Amino acid sequence: MGGRIEHAGVAGTQPVAPSLWLLHLEAPAVASSVHAGQFVLLRCADPDHPTFDPYLPRAYFVFAADRRAGRLSLLVEVRGRGSAWLTRRREGDSVLVHGPIGRELRPERLTRHLLLLAEGAVAVAGVSLLAADAARTGRSVTLIANTPEAAAGVPPQLLPADVEYRVTTPEAGGLLGALPGAVSWADEVFVAAPWALLEGIALLRRARLEPFTLRANLPVQAIPLPAFPARRAGAPHPAGGGDAVPCGSGACGACIVPTGRGARLFCRQGAAFRLEALRFDADAPGEMEGAGATDDA
Ligand SMILES: Cc1cc2nc3c(=O)[nH]c(=O)nc-3n(C[C@H](O)[C@H](O)[C@H](O)COP(=O)(O)OP(=O)(O)OC[C@H]3O[C@@H](n4cnc5c(N)ncnc54)[C@H](O)[C@@H]3O)c2cc1C
């Protein structure tokens, strides 16, 4: 099993925007080994009174980490039972954490100008450590987030001051509207978004449609995320992280990402995949063969 399991102490919870909270955890074992783009699984129930309800842990990207102090900060968007439970934790409570899970996100060596596109607050959490690491290593970093309303997004003061952070809204054209003005100077792009938007960007790239100059030699890394709001009951799981990264070890095979070289697992080979490696015409996730193969996508 990847990662460690740790009883983390809650150091505090902090409301930062409507429905958005920071959850600060003392988790020295997990924090000491966490890298950009990795996530943890949290049991949303009191670890001192074990219960199988809710049965599945919830996945959270590590929004910020103080590795020396052994502290993690998670950005929690209140959606349902698990996230509401997490935001009700208070200093001194404990939470069972499993992680870090997934592979490190790292820009290419020669990348100087990094563009990060994030569809929603969870996506910002997915790239926030990457933004901080890249800025610290001297790259210029622009992070553009699309959020339903500007006031509901991740507040700028939560991101490092040397990251240029812009917020857009669906009315202003969303991420696709922001792309033409930002992509021309980028050496590399990471997009954290639901499957449908990733597919749209892949189509634009193939069409070589101006002004979306996603030139062929521009590396684009895609982080497939759940399509919130949650899928309807009985509907198939969306490709990618979906709602479900149930085990975080690759054993259950639920978090399938279809690629041109077969099925990959979000928890093992993710969170990022080369955009051109993703297969948007694939069978429904779960019907693909080859899940768990370990070669790179
Ligand atoms: C890789 C990844 C990273 C994520 N990172 C973040 C992040 O940084 N911040 C953030 O806010 N969210 C993040 N999420 C979403 C998060 O994991 C939760 O899905 C979300 O917060 C909603 O959980 P909930 O329990 O509040 O909602 P719910 O709707 O109660 O549950 C969410 C899902 O859990 C399942 N579920 C619900 N109840 C049960 C039960 N009793 N037993 C078993 N399964 C159940 C269902 O499939 C449901 O769709 C991430 C998701 C993924 C896949």
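# Exercises on a predicted model: helix α3 and two sheets

Twelve of the 16 residues of helix α3 are buried, so α3 is largely enclosed by the rest of the structure. A residue is buried if 20 or more other C-beta atoms, placed from the backbone, lie within 10 Å of its own; it is exposed if 12 or fewer do, and partly exposed in between. The model is predicted: local features need pLDDT of at least 70 and side-chain atom pairs count only at pLDDT 80 or more, while totals for chains, interfaces and linings use all residues. Residues are numbered from 1 along each chain as its sequence is written.

**Exercise 1.** Describe the form and surroundings of helix α3 (residues 121-136).

*Solution.*
Step 1. Helices (H or I, at least four residues) and strands (E, at least two) are DSSP runs, numbered from the N terminus.
Step 2. From its first C-alpha to its last, α3 reaches 22 Å, close to the 22 Å expected at 1.5 Å a residue. The expected span is 1.5 Å times one less than the number of residues.
Step 3. A kink of about 40 degrees is centred on Val127; the bend at a residue is the angle between axes fitted to the seven residues ending there and the seven starting there.
Step 4. The buried residues of α3 include Val122, Val124, Leu129 and Leu130.
Step 5. Helix α3 lies across β2 (20-26), β4 and β5 (71-77), at about 45 degrees to β4. Contact means that the C-beta atoms of two residues, placed from the backbone, lie within 7 Å. Axes are lines fitted to C-alpha atoms, for helices over the stretch in contact, and angles run from 0 to 180 degrees between N-to-C directions.
Step 6. After α3 comes Gly138, with a positive phi near 90 degrees.

**Exercise 2.** Give the strand order of the barrel and examine one of its pairings.

*Solution.*
Step 1. Two strands pair if DSSP finds at least two bridges between them.
Step 2. Six strands close into the barrel in the order β1-β2-β5-β4-β3-β6, with antiparallel pairing. On average, neighbouring strands of this sheet are turned by 45 degrees against each other, direction ignored.
Step 3. Four bridges link β3 (residues 39-42) and β4 (residues 58-66) in the antiparallel sense. Leu41 has Ala59 in β4 as its bridge partner.

**Exercise 3.** Which strands stand at the edges of the open sheet?

*Solution.*
Step 1. The order of the six strands in this sheet is β9-β8-β7-β10-β11-β14, and the pairing is mixed.
Step 2. β9 (163-168) and β14 stand at the edges, each with a single partner strand, so one side of each is left without a neighbour in the sheet.
Step 3. Helix α4 (residues 174-183) packs on the sheet and touches β7, β8, β9 and β10; its direction makes about 160 degrees with that of β8.

**Exercise 4.** Is strand β11 largely enclosed or open?

*Solution.*
Step 1. Six of the six residues of β11 (residues 220-225) are buried, so this strand is largely enclosed by the rest of the structure.
Step 2. In a regular strand the side chains alternate between the two faces of the sheet. In β11, Val220, Ala222 and Pro224 are buried on one side, and Gln221, Ile223 and Leu225 on the other.
Step 3. Strand β10 (residues 188-194) runs parallel to β11 and is joined to it by six bridges; Ala192 has Ile223 as its bridge partner.
Step 4. Two bridges join β11 to β14 (residues 273-274) in an antiparallel arrangement, and Ala222 is partnered by Phe273.
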